[in-house]
Amino acid sequence: MGIDIDAIVDELTLDEKIRCIHGAVDPAGKATGYLPGVDHVDIPPLALVDGPLGIRANGERATAFPASVALAASWRPPLARRFGRALARETAAYGQDVILAPGVNIVRTPQGGRNFEYYSEDPHLTKRTAVATIDGIESEDVAATVKHYVANNQETNRYEVSAEVSERALREIYLPAFRAAVEEADVTSVMTAYNRVNGIPMSDHEYLVSDVLKDEWGFDGFVVSDWWGTRSTVEAARAGLDVEMPGIRVEEFVPGEVDVEDLPEAMPPLPDVPALFGDPLREAVESGELDEAVIDNKVKRVLRSMASIGCFDEQPEGELDTPAHRELARDIATEGAVLLQNNGTLPLGDVDSLAVIGPNADTAKLGGGGSSEVSPFVQTSPVEGLAVRDVNVTFERGVPPVTESRLFSNAADEDVPETSIDDAADAAAEADCAVVVVQDDAAEFEDREDLTLLGQQDDLVEAVAEVADRTIVVLRTSGPVTMPWLDLVDAVLETWYAGQADGEALADLLFGDAEPGGRLPITFGCAADDYPTSDDAAFPGVDDEARYDEGIFVGYRYFDEHGIIPKFPFGHGLSYTSFAYGQPSVTRSEDGLAVAVPVENTGDRHGKAVVQVYAQKTAAPLSTPERELVGFEVTSLDEGEQTSLTVSVNRSDFKYYDEGSGWKVATGKNSLFVGRSSRDIVAKVNVSIAEGR
Ligand code: BGC
């Protein structure tokens, strides 16, 4: 429907314009953020809702999908697209217009409290997953909000910390997913981060918000602040922030949902005024300090965005908790599960009895704590998922339950059950196989203290492994944990936070109905000290500054640069079958190169291969990583089946950022590596990149 946005804005009073760009209370009590609209010119309200793992419409139920890190671990953009569509349909089912997802910050520190809400340490994998998710969301006439722009890589001190980061690292590592969201997926909305970047709060960052995001990349949607993350009135307005959220005080925002007294200490102090874009913005215009045209531009961005998702037309009905959404939640959980180690124990063959052991194995691992919490309609724990199989299941916690940090869905205080490692070991000794389910606790507002499993979970695994015939460890973690028992156990399966279908997916995986389809999107080092964030200056920072002195050497780029051997490298993940890779052949294509890789399933069952292509820009005149992911393709093959996968590598994948002169292509001789992981390389090909475009 054609809407004359300029004409509408001409009819608005200054107060009405301001209504369009700062949040208010949602009368229906469902939205996380709400713009009330203006009746006399038929501007409808705009409702924004959390979040990346499913809808949190003020405590209403929705499908609880696996955590974003699991989606990324699937290396399946088409699955991310399906997920985006489902998320959008659930958003619409609650009458909401904008979903506050996806989160695309780079996993810089392994302890990061929100790593489960993000995709990867690698910009390429992040970009591919993000673009597909956003495409899926927006194909359903719901707006996506890519967040948190930018360098929001830790929770500790998140409102104050300044990421002291080079332009090159921003351009090559932290910005690419945001850029692709704009340039490739035409995302509707971008959320600014709480933190500062090089000293300037992101809500006020004219260079990053106006110059880079809007002018350079051509972003024409609206920029929204994180909740209570607007730091000023005139500076933020001039810097390019379009919408302030939530525009109301904490106690108005969460009526009945959360007891303000219970909010974590890390919540920001209440602003002195209810809104920095409310009265103060009007006064700034009335006093002549700010040109009204600045406000008009923001309002037009909001209205244009609303038109682009059809807000002025009939709204999509959406759908909730459908069989297809339940199945999708289960599919993502199996496709994203990473088999880290296996001596042949998995998939389970003839077992009559399983001892399921673990402090929280009788609950589904829905997600981490914070704004991404979802309350599902249905959920299956590992114990329940395995017990419905044709096998005798016993359950022992072994150690007290790990308390999960929750913001919105605080579990009622339950009596701590009696537990005993000895009882768990006895159960393990009696069963054909022990499945030990362990987990971490990650949440918004706080980073993990270290990489050790909480409580006595390591002791529990060791005690079980000592007596059990076979021991399978299931990790339900947001990222790497130290695994002091690794050599004692038969198999280790990382299922992340698997969401509502946790137990069903686990049974599919253990019994081989599904193949663990995941490959690590994050390097699993041996200890937190292996990562670039091991000293205080780098993380969590000193005097409110976190120094990103590692530059572009984040994740596996850092491990490779410093010769650190990870426990499990980026891209690693075993299959239940085996694949042989043939010699790749490289041909020139219109945009760059086409790398054809013959792949054959040489095992005795169906399985998934993820062919990964890394580049080394040897021709660049500055220091570059040993390998950088530039492309991947996935195939599922039957036993004995073979195919050839073609991975496209663009000329732009050979670009590096020169702080003096900007993007440059590394022309000359470079290398490509084809691998099963960043460290399991099967072929190297030299490629020459010509001068030109
Ligand atoms: C989070 C955002 C979230 C917002 C609204 C903030 O604390 O950082 O990711 O969308 O709250 O709940």
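**Exercise 1. Find the loop that holds Pro 246, and describe the bond before this residue.**

Step 1. Pro 246 sits in the loop between helix H9 (234-239) and helix H10 (250-253). Helices (DSSP H or I, at least four residues) and strands (DSSP E, at least two) are numbered from the N terminus.

Step 2. The peptide bond from Met 245 to Pro 246 is cis, with omega near -5°.

The model is predicted: local features need pLDDT of at least 70, side-chain atom pairs need 80 or more, and totals for chains, interfaces and linings use all residues. Numbering starts from 1 along each chain as its sequence is written, and side-chain values use heavy atoms, without hydrogens and water.

**Exercise 2. Describe the backbone at Pro 102 and at Asn 58.**

Step 1. Place Pro 102: this residue is in the loop between strand E3 (98-99) and H5. The peptide bond from Ala 101 to Pro 102 is cis, with omega near 5°.

Step 2. Place Asn 58: this residue is in the loop between strand E2 (46-49) and H3. Asn 58 is not a glycine, yet its phi is positive, about 50°.

Step 3. Set this against the usual pattern. Most residues other than glycine have a negative phi, and most peptide bonds are trans.

**Exercise 3. Which residues line the second largest cavity?**

Step 1. A search of the whole structure finds six cavities of 30 Å³ or more. The second largest has a volume of about 50 Å³.

Step 2. Its lining consists of Pro 52, Ser 68, Leu 71, Phe 83, Leu 87, Ala 101, Pro 102, Tyr 119 and Thr 133. Helix H3 (68-73) and H4 each give two or more of the lining residues.

Step 3. Sort the lining by class: seven residues are nonpolar, two are polar and none is charged. (Ala, Val, Leu, Ile, Met, Phe, Trp, Tyr, Cys and Pro count as nonpolar, Asp, Glu, Lys and Arg as charged, the others as polar.)

**Exercise 4. Where does the second largest pocket lie?**

Step 1. The second largest pocket has a volume of about 910 Å³. (On a 1 Å grid over the protein atoms alone, a 1.4 Å probe fits in a cavity but cannot get out; a pocket is open, with protein on both sides within 12 Å along at least five of seven lines; lining residues have an atom within 4 Å of a point.)

Step 2. This pocket is lined by 34 residues, and His 124, Lys 127, Arg 128, Ser 652 and Asp 653 lie nearest its centre.

Step 3. The elements that supply at least two lining residues include helix H4 (77-93), helix H5 (123-138) and strand E22 (642-650). E21 gives the largest share, seven residues.

Step 4. By class, 15 lining residues are nonpolar, five polar and 14 charged.

Step 5. Domain 1 (5-308) and domain 3 (577-689) both give residues to the lining, so the pocket lies between them.

**Exercise 5. Which residues come nearest the ligand?**

Step 1. Around the ligand are 14 residues (a heavy atom within 4 Å). Asp 50, Arg 114, His 148, Asp 226 and Glu 444 come nearest.

Step 2. Check the polar distances from ligand oxygen atoms to side-chain N or O atoms. The distance is 2.4 Å for Asp 50, 2.6 Å for Asp 226 and 2.8 Å for Glu 444.

Step 3. Sort the shell around the ligand: four residues are nonpolar, three polar and seven charged.

Technical notes
Points joined across faces, edges and corners; volume = space filled by probe spheres on them. Domains from an automatic or database assignment. Polar contact = N/O pair within 3.5 Å; in protein donor to acceptor, adjacent residues only side chain to side chain.
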